[in-house]
Amino acid sequence: MTASYETIGTRLDGNVLSATFNAPPINLIGPQVVRDLVGLLEELSHPASARVVVFDSADPDFFFPHVDLTEVPEYTAEAAKAGGPGDASLGMLFRKLSQIPAVTIAKLRGRARGAGSEFLLACDMRFASRENAVLGQPEVGIGAPPGAGAIQHLTRLMGRGRALEAVLTSADFDAELAERYGWINRAVPDAELDEFVAGMAARMGGFPRDALIAAKTAINAISLSTPADVRGDAALFQQLVRGEAMQRRTAELFEQGLQTRGRTELDLGDALGELKAVD
């Protein structure tokens, strides 16, 4: 690795790269995180880059809680730099993550909701702390459908009924339920998570690169959504995120402490259920 990033700390150990997100105060996905992710994915696209990448968070409470709702145009503009103006969306940026010539593992502690969950879904594998991981897709409860890959990934992973449950209820899922539904690969006891993921990453990092990437590419061809599907989801999200219902419910959440380290963000699934019902 030759570049340094403001919000991503990197450490290379043999063929395994550790990439740790650190964007205080609560790791919101904003312009700088997206800018750094675009740069990191560009580096990882080169044949001589790490064979395995492990993503985690420096914040024990928040992996990625969601996007920064005050900077949607700004982070969207940064995402466009990965593919051009026609692909100005997190969904297409995350699809690029799914396609890089490296095996990607998400190691989850804390909360990954909205685009944070969608980032994890774009990784090849997801392992979560049994005691300290929460996943959710809160978008519908706020006023828009998920727009960065959740609909595509969750339907393929969970099946129609469970995907509808996850998306339409906007509820929080703990690691055990997420594992049962297929949202993550495994829920691992927190005390064992680091060693478990490190061992798996080192094992794959010792395998031939060509075999790893050929197998990943073949599985992607079967399971990954098409660019047209991703663009369609992004367009619908970008349309409804500007709507009156979304603006009204977002404003109410901000009054309750959204995007600050407090009860609303820690228990967002509950907070959404307590908002005034929409007529």
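Leaving aside residues up to four places away in sequence, Met 204 touches Val 52, Val 103, Ile 105, Met 125 and Leu 212. The model in which these contacts are found is a predicted one, and the values that follow are computed from it. Met 204 belongs to helix 9, which covers residues 190–205, and with a relative accessible area of 11% Met 204 is buried, because the cut-off for that class is under 20%. A further distance places Met 204 with respect to the beginning of the chain: Leu 12 lies 192 residues away along the chain, and the C-alpha atoms of Met 204 and Leu 12 are separated by 15 Å.

A second pair links similar parts of the sequence. Gly 14 and Gly 205 are 191 residues apart in sequence, yet their C-alpha atoms are 7.9 Å apart in space. Gly 14 is found in the loop between strand 1 (8–13) and strand 2, and at 56% relative accessibility Gly 14 counts as exposed, whereas Met 204 is buried.

Following the chain onward from strand 2 (16–21), one comes to the loop that leads to helix 1, and Pro 25 is found in this loop. The peptide bond that joins Pro 24 and Pro 25 is cis, with omega at about 10 degrees. In general, most peptide bonds are trans.

Helix 1, residues 31–44, packs with helix 2, residues 72–80, at an angle of about 5 degrees, and the two axes are 8 Å apart. Since angles under 35 degrees are classed in this way, helix 1 is roughly parallel to helix 2. On the side of helix 1 the contact is made by Pro 31, Val 34, Arg 35 and Val 38, which meet Glu 74, Tyr 75, Glu 78 and Ala 79 in helix 2. By character, the residues of this contact divide into 5 nonpolar, no polar and 3 charged.

Helix 3 is a case of burial along much of a helix: 8 of its 10 residues are buried, so helix 3 is largely enclosed by the rest of the structure. The buried residues are Leu 90, Gly 91, Met 92, Leu 93, Phe 94, Arg 95, Leu 97 and Ser 98.

Helix 11 can be read through its two faces. Its 14 residues, at 1.5 Å a residue, should span 20 Å, and the end C-alpha atoms are indeed 20 Å apart, which agrees. The buried residues of helix 11 are Val 230, Asp 233, Ala 234 and Phe 237. Because these residues cover an arc of only 100 degrees around the axis, they are on the same side of helix 11. The buried residues pack against helix 2, helix 3 (90–99), helix 5 and helix 6 (150–158), while the face turned away from the buried side carries the exposed residues Ala 228 and Gln 239.

Helix 12 can be described in the same terms. For its 12 residues, 244–255, the span expected at 1.5 Å a residue is 16 Å, and the end C-alpha atoms are 17 Å apart, which agrees. In this helix Met 246, Arg 249, Thr 250 and Leu 253 are buried, and because they cover an arc of only 105 degrees around the axis, they are placed on the same side of helix 12. What covers these buried residues includes helix 5 (139–142), helix 11 (227–240), helix 13 (263–266) and helix 14 (268–274). Glu 244 and Glu 255 are exposed residues on the face of helix 12 turned away from its buried side.

The backbone beyond helix 12 also deserves a look. Just after helix 12, Gly 257 takes a positive phi of about 110 degrees. Gln 259, in the loop between helix 12 and helix 13, has a positive phi of about 70 degrees although it is not a glycine. Most residues other than glycine have a negative phi. With a relative accessible area of 11%, Gln 259 is buried.

Ser 170 is another non-glycine residue with a positive phi, here of about 55 degrees. The place of Ser 170 is in the loop between helix 7 (160–169) and strand 7 (172–174), and at 2% relative accessibility Ser 170 counts as buried.

How values were computed:
Residues are numbered from 1 along each chain as its sequence is written. This is a predicted model: local features need pLDDT of at least 70, side-chain atom pairs count only at pLDDT 80 or more; totals for chains, interfaces and linings use all residues. Side-chain values use heavy atoms; hydrogens and water are left out. Axes are lines fitted to C-alpha atoms, for helices over the stretch in contact, and angles run from 0 to 180 degrees between N-to-C directions. Helices (H or I, at least four residues) and strands (E, at least two) are DSSP runs, numbered from the N terminus. Angles under 35 degrees count as roughly parallel, over 145 as roughly antiparallel, 65 to 115 as roughly perpendicular and the rest as oblique. Contact means heavy atoms within 4.5 Å. Ala, Val, Leu, Ile, Met, Phe, Trp, Tyr, Cys and Pro count as nonpolar, Asp, Glu, Lys and Arg as charged, and the others, Gly among them, as polar. The expected span of a helix is 1.5 Å times one less than its number of residues. Buried means under 20% relative accessible area, exposed over 50%, partly exposed in between (1.4 Å probe, protein chains only). The arc is that of the directions from the helix axis to the C-beta atoms.
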